[in-house]
Amino acid sequence: MFYGSHEFLMDEKGRVSIPSQFVRLMKPEDQDTFVMTRGLNGCIFCFPYTSFEHYTRAMRRLKLPTAERLKVMRIILAWATNCTLDSQRRVKIPPRLAKHAGLGREVMIVGHQDRIEIWNRAKYEEYHGVAELGGEAYDYDSAASIVFVDMMPGADQSDREEEPEPPDD
């Protein structure tokens with residue numbers, strides 16, 4: 001599972017380093033390849049190759065109206081690009097994804113369970129600053145208390161959504 005946040009500088013060729021702790025989590029069958037696609041809130045989603053395959057299978061099972069599901073899948077898949085690590089653990093960010101995310105020289109690489117998120121550093125700090133300050137846009141304490149209380153041993157989990165199947169090994 002990917003977690004933690006790391007500040008990096010994107011070089012003039014549009015490459016950014018992936019933290020070694022994240023690289024170590026990749027499976028051999030990923031062959032040092034990530035799939036990058038348009039993310040939420042102005043970031044880039046970056047999945048290890050095999051995790052993206054699992055993700056696309058899970059998308060087909062979403063309980064959305066067929067037309068809405070197809071629209072979401074088309075957008076995610078249209079933006080998807082394979083990116084392979086070089087010998088220095090760097091990936092080249094596709095220009096249109098870099099533009100979507102508003103990437104400049106300073107980027108944040110953030111672990112988010114089964115994926116990595118790549119953010120413009122200022123946008124990341126602004127987005128998460130609102131949460132940390134308890135701003136109107138998002139009340140972190142209220143949302144986090146629901147999550148953490150729900151995870152306590154013995155908590156009633158009857159209303160919890162069913163977790164997607166784990167990737168095939």
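The following exchange concerns the sheet and two helices of a predicted model.

Colleague: In what order do the six strands of the open sheet stand?

Modeller: The sheet is open and its strands pair in the antiparallel sense. Neighbouring strands are turned by 30° against each other on average, direction ignored. The order is β1-β7-β8-β4-β3-β5.

Colleague: Which strands stand at the edges of the sheet, each with a single partner strand?

Modeller: In the order β1-β7-β8-β4-β3-β5, the sheet is open. A strand with a single partner has one side left without a neighbour in the sheet, so the edges are held by β1 (5-9) and β5 (81-84).

Colleague: Over how many bridges do β7 and β8 pair?

Modeller: β7 and β8 form a hairpin with two residues between them, and Q113 in the turn has a positive phi of about 60°. One bridge of β8 links N120 to V107. Strand β7 covers residues 106-112 and strand β8 residues 115-120, and their antiparallel pairing extends over six bridges.

Colleague: Which residue in β8 stands opposite I44?

Modeller: β4 and β8 run antiparallel and are joined by three bridges. Opposite I44 in β8 stands I118.

Colleague: How many of the six residues of β8 are buried?

Modeller: Residues with under 20% relative accessible area count as buried. On one side of β8, R115, E117 and W119 are buried, and on the other I116, I118 and N120 are buried, which leaves both faces covered. The number of buried residues in β8 is six of six.

Colleague: Across which strands does helix α2 lie, and across which does helix α3 lie?

Modeller: Helix α2 (residues 49-60) runs at about 110° to β4 and lies across β3 (33-38), β4 (44-48) and β5. Helix α3 (residues 66-79) runs at about 130° to β3. The strands that α3 lies across are β3 and β5.

Colleague: Are α2 and α3 roughly parallel or roughly antiparallel to each other?

Modeller: The axes of the two helices come within 10 Å and cross at roughly 165°. Angles over 145 degrees count as roughly antiparallel. The crossing of α2 and α3 is left-handed. The two helices are therefore roughly antiparallel.

Colleague: How many nonpolar, polar and charged residues make up the contact of α2 with α3?

Modeller: From α2, the residues in the contact are F52, Y55, T56, M59 and R60. They meet R69, M73, I76 and L77 of α3. By class, the contact has six nonpolar, one polar and two charged residues.

Technical notes
Residues are numbered from 1 along each chain as its sequence is written. This is a predicted model: local features need pLDDT of at least 70, side-chain atom pairs count only at pLDDT 80 or more; totals for chains, interfaces and linings use all residues. Side-chain values use heavy atoms; hydrogens and water are left out. Two strands pair if DSSP finds at least two bridges between them. Helices (H or I, at least four residues) and strands (E, at least two) are DSSP runs, numbered from the N terminus. Axes are lines fitted to C-alpha atoms, for helices over the stretch in contact, and angles run from 0 to 180 degrees between N-to-C directions. Contact means heavy atoms within 4.5 Å. Buried means under 20% relative accessible area, exposed over 50%, partly exposed in between (1.4 Å probe, protein chains only). Angles under 35 degrees count as roughly parallel, over 145 as roughly antiparallel, 65 to 115 as roughly perpendicular and the rest as oblique. A crossing is left-handed if the near helix is turned anticlockwise from the far one by less than a right angle, and right-handed if clockwise. Ala, Val, Leu, Ile, Met, Phe, Trp, Tyr, Cys and Pro count as nonpolar, Asp, Glu, Lys and Arg as charged, and the others, Gly among them, as polar.
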